Amino acid sequence: MPTEIKVGKSGFREWLMQGVSRNASSGPDKHEHTRPWWQVMCLTGLDYFSTLGYQPGIAFVAAGFLSPIATLFLIVLTLGGALPIYNRVAAESPHGQGSIAMLESLLSRWKSKLFVLALLGFVATDFVITITLSAADAAQHLIHNPIFERTFNGFDHPVLITSALIVVLAAVFLKGFKEAIIVAVVLVSSYLFLNLIVVSVGLYELFTHPDRLSNWYHAVFTIPDTGASRGILLVIGLSLLAFPRLALGLSGFETGVAVMPLINNPNRIAKTRKLLRTAALIMSFFLLCSGLITTTLIPAAEFGPEGKAAGRALAFIAHEYLGDGFGTVYDFSTILILWFAGASAMAGLLSIVPRYLPKYGMAPNWARASRPLVLIFSIICFAITYIFDADVEAQGGAYATGVLVLITSGGVAVTISAWVRKQGVRWVFLTIAIIFTYTTIANVIERPDGLKIASLFILAIVVASFISRAMRTTEIRIQKIEFDNTAKAFIDDLADEEIRIVTNRRETGDVVEYRFKEHEKRTDNHIPASDPILFYEIEIGDASEFTGELHITGVDIAGYRILRTHSPAVPNAIAALLLDLRDRTGKIPHVYFGWSEGNPIQYLIRYILFGEGDTAPVTREILRQAEPDPELRPSVHVGG
């Protein structure tokens, strides 16, 4: 019996809160229409393949002429590290829950919830920066397009254009956005085809002018300042130090698992693995080729802040070697896929927040509705755009941090899973997890912006979550009540009697305990000796869970009748039973408590964190909120 927000008569409020009643904790969405794996791969590719728009430029800024070698290490880590991890994640989360849900299930109680909250901060960083970075790079492709430059007289305001793209994105989601796989197929296939043309022309130009390759080789094995030569081991070492800054090229794996429910059966897990493998191979090919041709064919100065290759290295080659006509087509395709990458990230945010926070009681019920979240995330995106001045390279570190933390969490999740099962592969996963941990730490040290943004998100999420939890803690929170046959018989026997419930914290559970408790409650509350009573005992389950179900069993001990159950919170379970008994029998039940002694603030904290405290007043408040009419409200008695 979860509480719902009651939408008022205001048309705007009804529009804003549309969808608020959906139950985000009910499990994965059921998709009526599934698709072949290669079409779903295109949906993943909106985020993954679109990084080709800015990755080669960022790679050169990070590694210089070592960019192709550093990219090669990234590819090795992609195929030898991220791919095995997410093959395992796909097998253990067939409904698209991903590594976060794996860690949630592998850990327990508040450790699980706090860990998920921290990861959500990095998820938010990843998705928000995906929106702002993609929009900023789309703005760069637009601003530096020669036709746009001539038409608008060199209009160069990236913050304004980026903000406008975010406004359009928000407007589409406020109207109602549903990802269309067919659109993704058209966008991704055309974008990859155009990139294949650009890469092929670049490779042809490179191999027909071997002096460019020789110049690059000389630059790699020469120390810039002194002109002295450097050995292969030094080149490898410098490339290993540089490649963590290229890690934003790993962005597609978590998304690849998230879209699993869209893949048609049978063999969904095998098809997902094929999706991940194919996407990784395609991306590896383009990363290596694009890194090589952009490094060797584009003057280094063009990668600078004022250069025309900044954030658009492949577009620079398209214009330079294929003309402005083809280059404009390439720019338009890139802008579209980047915009849709932002849409994919927004959809991810709108999916992941309702999946976790309302279920934990750590977000208001309105967080189940998409439109308020769209407004909040859009405001955050505007702030990020302004702070980073819509600079593509400056946001790369923050994006890489979010991506790396998610993949590292996946590595940790599969390592724990394999360790629990004592599988030999656990050592392989442990090694991969350590490598990703190093990569993440190296990236954070080099560019701490991502950690700063994620820390702000984590702080905001944790503070808002616990405030929300405290404010929502007096909701009923019990979704369903079931009685066994004995418990039903106890209730049926009270058909002609008053319903009197005595709460009890079980100690020995023998007849002496119940005899003493009955005498105490009858004396303190003046319950007639002729009136039967039912004892009600609740054992605390996982107090970190916000909602739950009651499975009530009946126990008879020497004539004393007891109802027993488990619940994440005691007062809520008592209130839920009383309301159910009222509705079931048509009579107002009575419940009896003793006074609690101690600091009420301590009791309040214990109730919020551990589900128990000063039970009587909290139960009374829960009932008051659930039933406004005092005449219909179950009666709470406190004596002693």
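# Burial, salt bridges and packing

User: At 56% relative accessibility, does D583 count as buried or exposed?

Analyst: The relative accessibility of D583 is 56%. Buried means under 20% relative accessible area, exposed over 50%, and partly exposed in between (1.4 Å probe, protein chains only). At 56%, D583 therefore counts as exposed.

User: What kind of model is this?

Analyst: Residues are numbered from 1 along each chain as its sequence is written, and side-chain values use heavy atoms, with hydrogens and water left out. Local features need pLDDT of at least 70, side-chain atom pairs count only at pLDDT 80 or more, and totals for chains, interfaces and linings use all residues; the model is predicted.

User: Which residue forms a salt bridge with D583?

Analyst: A salt bridge is a side-chain nitrogen of Lys or Arg within 4 Å of a carboxyl oxygen of Asp or Glu. Side chains of opposite charge can pair when their charged atoms come close. Here the closest N and O atoms are 3.0 Å apart, and the partner, buried at a relative accessible area of 16%, is R582.

User: Which residues are joined into one network by salt bridges that share partners?

Analyst: The structure holds 16 salt bridges. Some of these share partners, and the network that results is made of R506, E537, E539 and R564.

User: How many residues apart are R506 and E537?

Analyst: R506 and E537 form a salt bridge whose closest N and O atoms are 3.0 Å apart. R506 lies in the loop between strand 2 and helix 20 (511–525), whereas E537 belongs to strand 3 (residues 534–540); helices (H or I, at least four residues) and strands (E, at least two) are DSSP runs, numbered from the N terminus. R506 is partly exposed at 35% relative accessible area, while E537 is buried at 3%. The pair links distant parts of the chain, with a separation of 31 residues.

User: Which residue meets K521 in a salt bridge?

Analyst: K521, found in helix 20, is buried with a relative accessible area of 5%. Its salt-bridge partner is partly exposed, at 26%. The N to O distance is 3.4 Å, and the partner is E520.

User: Which residues does K521 touch, not counting those up to four places away in sequence?

Analyst: Contact means heavy atoms within 4.5 Å. Leaving out residues up to four places away in sequence, K521 touches V502, H526, I527, Y592, F593 and G594.

User: What is the bridge partner of R500 in strand 6?

Analyst: Strand 2 (residues 500–503) and strand 6 run parallel and are joined by three bridges; two strands pair if DSSP finds at least two bridges between them. Strand 6 (residues 590–594) is mostly covered, with four of its five residues buried. Within strand 6, the bridge partner of R500 is H590.

User: Which residue is joined to N265 by a cis peptide bond?

Analyst: The omega angle of this bond is about 0°. The partner of N265 is found in the loop between helix 12 (253–258) and helix 13 (268–297). It is P266.

User: What is the phi of A390?

Analyst: A390 is found in the loop between helix 15 (370–387) and helix 16 (392–420). A390 counts as buried, at 2% relative accessibility. Its phi is positive although the residue is not a glycine, with a value near 55°.

User: What is the phi of N267?

Analyst: N267 lies in the loop between helix 12 and helix 13. At 54% relative accessibility, N267 counts as exposed. N267 is not a glycine, yet its phi is positive, at about 60°.

User: At roughly what angle do the axes of helix 3 and helix 4 cross?

Analyst: Axes are lines fitted to C-alpha atoms, for helices over the stretch in contact, and angles run from 0 to 180 degrees between N-to-C directions. The axes of helix 3 (residues 55–63) and helix 4 (residues 67–92) come within 9 Å and cross at roughly 110°. Helix 3 is therefore roughly perpendicular to helix 4; angles under 35 degrees count as roughly parallel, over 145 as roughly antiparallel, 65 to 115 as roughly perpendicular and the rest as oblique. The crossing angle is thus roughly 110°.

User: Which residues of helix 4 make the contact with helix 3?

Analyst: On helix 3, the contact is made by Q55, A59, F60 and A63. On helix 4, it is made by S67, A70 and L74.

User: What share of the chain's residues count as buried?

Analyst: The chain has 23 helices and seven strands. Of its 640 residues, the buried share is 55%.
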